Amino acid sequence: MSDRAGGSRQPAPGSVAQPTIGSIAVADLSAALGAVAWLALTVAGELTAIERALALAPLVLVPLALRTAATGAFQGPANRFTTTAIWLQPVGALLFAVSLLVPSPSPLAAGLATPWLAVTGLLGLAALARTRVRGDLTLPETAIDAGFAYVSVGAVALLLAHLDLTFWFDRVIIRLTAVHFHYAGFVLPVAAGLTGRHLGDRSRGFRTVAGVILVGPALIAVGIAFSPLVEVVAVSLFTVAVAAFGVVVLRRVALTCPRPQGVLLGIAAVALPISMALALGYGVSTFTGHSLGLTISTMVALHGSLNAFGFGLCATLGWRLSVQ
């Protein structure tokens, strides 16, 4: 039963309750309202291409992922941190989106983006609490924890952009870093963890692929910051890993799921390797100095759209269909 004022369903033995309002999970309601807000901003033409991808993550993708991933594996302190994050997420996400509309850099934009840093910080604390309880880095739960930890880096990156603390980078690179850690840093590891849960996979091959997915976003960010060579190597390894992951999802998940879920996960599995191949091409062109026609604007249009809609939205919707 649910508290009509907004309580939590009584969990079955071994499970963890998701906070609800009436009979609707808060995370589901947040994702639905976030989608309406995102569509309104998009139709009104208030967001650039980067901002559309950036706003979609907190408004829609994060609550969908929280609804799916925060299950019986989240106990004790991790459950408390995650539950608090779920309640705060709608406000943090909306203010995050508003921060993209006001003049930036400015203290106002930074102030509006700060609550999202608090939400993602709680998710990072949940990941830490889970890791301490387990005492190891066993997959697939470690993959989900990595996503919960990485997303706060994206929140920090946007805050730095709003404060004009770009160091030696162009401001657009800082914003793209925020996008990177919401998609490659959050959605992808969580999707890998959910795939591992679904398959119960302990094979060395899957562990290797998942391991590269876990460290890849950080290595790519280091390469972008300090070394084109590191960037090319990291993106190359990451591209191979996500291509292998896509094959696993297509062959062992999408084909065995109910059709709507299978179609969504299949689209995500195909879109992700294509997106990473574009990233690899951009990294090679940066390292060699020979343009392959992959400018920042081209990458935003192609790579960004594939990540946001082809992969991010389809993956989170597909996995959302796996829970009641």
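Here are a few worked exercises on the predicted model shown above.

**Exercise 1: Get your bearings**

Work out how many helices and strands the protein has, and in what order they run.

*Solution.* Start with the tally: the protein has eleven helices and two strands. Next, walk along from the N terminus, where the order reads β-β-α-α-α-α-α-α-α-α-α-α-α. Then look at burial: 51% of the 324 residues count as buried. As for the surface, about 13800 Å² is exposed, and carbon and sulfur atoms supply 70% of that. Finish with the contacts: taking those with a separation of 6 or more, 74% are between residues 24 or more positions apart.

**Exercise 2: Decide where to trust the model**

Find the mean pLDDT of the protein, and say which elements have the lowest and highest means.

*Solution.* Take the overall figure to begin with: the mean pLDDT is 86, and 89% of the residues reach 70 or more. Now go element by element. Helix α10 (residues 296-301) has the lowest mean, 66, while helix α1 (residues 26-43) has the highest, 97. Then check the start of the chain: over residues 1-15 the pLDDT is below 50, though this stretch still has 33 contacts in the model beyond near neighbours in sequence.

**Exercise 3: Take apart the largest cavity**

Give the volume of the largest cavity, list what lines it, and name the helix with the largest share of the lining.

*Solution.* First, the search: going over the whole structure turns up three cavities of 30 Å³ or more. The largest has a volume of about 70 Å³. Second, the lining: A191, T195, F245, G246, V249, L265, A268, A269, L272, F311, A315 and W319. Third, sort by element. Helices α6 (171-199), α8 (228-253), α9 (259-288) and α11 (303-320) each put in at least two residues, and α9 has the largest share, with four. Last, sort by class: you get ten nonpolar residues, two polar ones and no charged ones.

**Exercise 4: Do it again for the second largest cavity**

Repeat the analysis for the second largest cavity, and pick out the lining residues that also line the largest one.

*Solution.* The volume here is about 60 Å³. The lining is made up of L64, A65, T68, V187, V190, A191, L194, A315, T316 and W319. Compare the two lists and you'll find A191, A315 and W319 in both. Helices α2 (49-69), α6 and α11 each supply at least two residues, with α6 giving the most, four. By class, the lining splits into eight nonpolar, two polar and no charged residues.

**Exercise 5: Classify two helix residues**

Decide whether L280 and A218 are buried, partly exposed or exposed, then find a residue that is distant in sequence for each.

*Solution.* Begin with L280, which is in helix α9. Its relative accessibility is 23%, so L280 counts as partly exposed; the buried class needs a value under 20%. Leaving aside residues up to four places away in sequence, L280 touches V232, V235, S236 and T239. Of these, V235 is 45 residues away in sequence, yet the two C-alpha atoms are 5.6 Å apart.

Now turn to A218, located in helix α7 (residues 204-226). With a relative accessible area of 30%, A218 is partly exposed, since the exposed class only starts over 50%. For a partner, take G185: A218 and G185 are 33 residues apart along the chain and 8.1 Å apart in space, C-alpha to C-alpha.

Definitions and conventions:
Residues are numbered from 1 along each chain as its sequence is written. This is a predicted model: local features need pLDDT of at least 70, side-chain atom pairs count only at pLDDT 80 or more; totals for chains, interfaces and linings use all residues. Side-chain values use heavy atoms; hydrogens and water are left out. On a 1 Å grid over the protein atoms alone, a cavity is a set of points where a 1.4 Å probe fits but cannot get out, and a pocket is an open set with protein on both sides within 12 Å along at least five of seven lines; lining residues have an atom within 4 Å of a point. Grid points are joined across faces, edges and corners, and a volume is the space filled by probe spheres set on the points. Ala, Val, Leu, Ile, Met, Phe, Trp, Tyr, Cys and Pro count as nonpolar, Asp, Glu, Lys and Arg as charged, and the others, Gly among them, as polar. pLDDT is the predictor's confidence in each residue, from 0 to 100. Contact means heavy atoms within 4.5 Å. Buried means under 20% relative accessible area, exposed over 50%, partly exposed in between (1.4 Å probe, protein chains only). Accessible areas come from the Shrake-Rupley method with a 1.4 Å probe; for residues, only the protein chains shown count as cover.
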